[in-house]
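Please work through the exercises below with the sequence and the coordinates open beside you, and try each task before reading its solution.

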Amino acid sequence: MFAHGGYIRLLVKRLCDCAKQTRAGRRSFSLAMGNRSSNHLGIPPPKGPSAVGCTDFMMDHTAQGSFFRLYYPCQETEKAEKPDWVPSREYFNGLADFMKINRTLSERIFNYLFGSFKIPAYLDAPFKSNGKCPVVIFSHGLGAFRTLYSAICAELASQGFIVASVEHRDQSASATYYFHEKTESEQARKSAPKTSASAQDNLVKEWMYYRTLQRGESEFPLRNTQVKQRADECILALDKLTQINSGRPVQNVLQTQFDWTTLENSMDLCRIAVMGHSFGGATAIEALCKEVKFKCGVALDAWMFPLDDEVFPRVKQPIFFINSEKFQWAGNIIRMRKLDSAVIQRKMITIRGTVHQSFPDFTFLTGNWIGKLMKLKGEIDPEVAIDLSNKATLAFLQRHLGLEKNFNQWNRLIDGEDDDLIPGTNVKVLQSAI
């Protein structure tokens, strides 16, 4: 699954192998990774005119509810803090289970190397916008979770978008959680496990971890079922934002400090897009098929395997494929080409020198040598790559959402007109195969 977006697989294995070496070996490895205090490592700040806030939202405490990280334009405030990139230790445990390795060992390594990094946004900062914000729903890749694409989501928010980064409950995330109501025995026991301080007193947190393929199990039925649930979860997130925008009261199970009433009438619900990476790219296409409120979609290095063939002719909205140079193969590109249309714009570009992991935040948080060894970095500067991807995305969104912005200054990127871009794909595909 590493090739399909479970990019943490190789990372964790390498970390644990190095942790078993001598002290000198561990010291060398730490330097190669880039010490956690290194000034040059970190998620790049957004470049747009607005400061960016973020908050978490969970409506309906069950596994069938909606859970997402929201990024939005905000007021600058000295009191607001930037949240941890990895929200809690259970996500480290989820990554360990994903890799079938020792939780204690991997947690220590991950916490040392990545525990000090912060999201480039202010937690629960007050919302502020000069006009109604277009909306983007973002879907993460296999083995990821809601916070791992903050460089992309924060950049969109800094440019005036409201972005909901969904954490999927289809068991494709390395970890996620929901709540169940306390039983009578749990309420009676004084020693009952306490839920998070931010959750309601009568609820107990339940963790859900990545589901591995069983021995002899066919992969397509599982992934196809998951991609359909993922699309439904993206649509549900949009439904919740619509409810918030209408001014109807909402109850956030997580009880954050963010004032949700300030989002009333803040969103332009005629201008909505869906976006995702890898498995999330397939999710975006499935969501376009299911929900016409999504006016266009952006698929970052999409993994097309989970989709039914019958989906392709039913997608009527514009799609923008932004691919890495090293991940794609002919069979995957052929499936993307099934979405080609003479009347609906379907664009594709490839960023030179990139790998599949050039889109998640991990690419910014490792030193050059070890980042390339573990395929978290390509030959291109990761900030240059994500900047090209973000600018091309903004130009595409302006074109197809009808935005009155200046993103059209990057229209040439949509056509791959840049020294670091390839129009279409670098993969050779026989026309007869398409």
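The exercises that follow concern a predicted model, and they go from its sheet to its aromatic rings.

**Exercise 1. Determine the strand order of the open sheet of 10 strands, and explain why β3 and β12 each have one side without a neighbour.**

Solution. Reading across the open sheet, the order is β3-β1-β2-β5-β4-β8-β9-β10-β11-β12, and the pairing is mixed. The strands at the edges are β3 (122-123) and β12 (421-423), and each of them has a single partner strand, so one side of each is left without a neighbour in the sheet.

**Exercise 2. Describe how β10 is joined to β11, and find which strands helix α11 lies across.**

Solution. Begin with the strands: β10 (residues 319-324) and β11 (residues 346-351) run parallel and are joined by 6 bridges. To fix the register, take Phe-320, whose bridge partner in β11 is Lys-347. Then turn to the helix: α11, covering residues 382-401, lies across β4, β8, β9, β10, β11 and β12, and its direction makes an angle of about 165° with β9.

**Exercise 3. Classify the aromatic pair of Trp-85 and Phe-114, and locate both residues along the chain.**

Solution. A search of the whole structure returns 25 aromatic pairs. In the pair of Trp-85 and Phe-114, the centres are 6.0 Å apart with 65° between the planes, which makes the pair edge-to-face. Trp-85 belongs to the loop between β2 and α3, whereas Phe-114 belongs to helix α4 (residues 103-114), so that the pair links distant parts of the chain, 29 residues apart. Both Trp-85 and Phe-114 are buried.

**Exercise 4. Explain why the pair of Tyr-91 and Trp-207 is edge-to-face, and decide whether each residue is buried or exposed.**

Solution. The ring centres of Tyr-91 and Trp-207 are 5.2 Å apart and their planes stand at 85°; because planes over 60 degrees apart count as edge-to-face, the pair falls in that class. Tyr-91 lies in helix α3 and Trp-207 in strand β7 (residues 203-209), 116 residues apart. Since buried means under 20% relative accessible area, Tyr-91 at 0% is buried, and Trp-207 at 19% is buried as well.

**Exercise 5. Identify the aromatic cluster that contains Tyr-91 and Trp-207, and find which charged ends sit over the rings of Tyr-177 and Tyr-209.**

Solution. One aromatic cluster is formed by Phe-67, Tyr-91, Phe-145, Tyr-177, Phe-179, Trp-207 and Tyr-209. Over the ring of Tyr-209 sits the charged end of Arg-103, 4.9 Å from the ring centre, while the charged end of Lys-205 sits over the ring of Tyr-177, 4.3 Å from its centre.

Terms used. Residues are numbered from 1 along each chain as its sequence is written. This is a predicted model: local features need pLDDT of at least 70, side-chain atom pairs count only at pLDDT 80 or more; totals for chains, interfaces and linings use all residues. Side-chain values use heavy atoms; hydrogens and water are left out. Two strands pair if DSSP finds at least two bridges between them. Helices (H or I, at least four residues) and strands (E, at least two) are DSSP runs, numbered from the N terminus. Contact means heavy atoms within 4.5 Å. Axes are lines fitted to C-alpha atoms, for helices over the stretch in contact, and angles run from 0 to 180 degrees between N-to-C directions. Rings of Phe, Tyr and Trp (its six-membered ring) pair if their centres lie within 6.5 Å; planes under 30 degrees apart count as stacked, over 60 as edge-to-face and the rest as tilted. Buried means under 20% relative accessible area, exposed over 50%, partly exposed in between (1.4 Å probe, protein chains only). A charge sits over a ring if NZ of Lys or CZ of Arg is within 6 Å of the ring centre and within 35 degrees of the ring normal.
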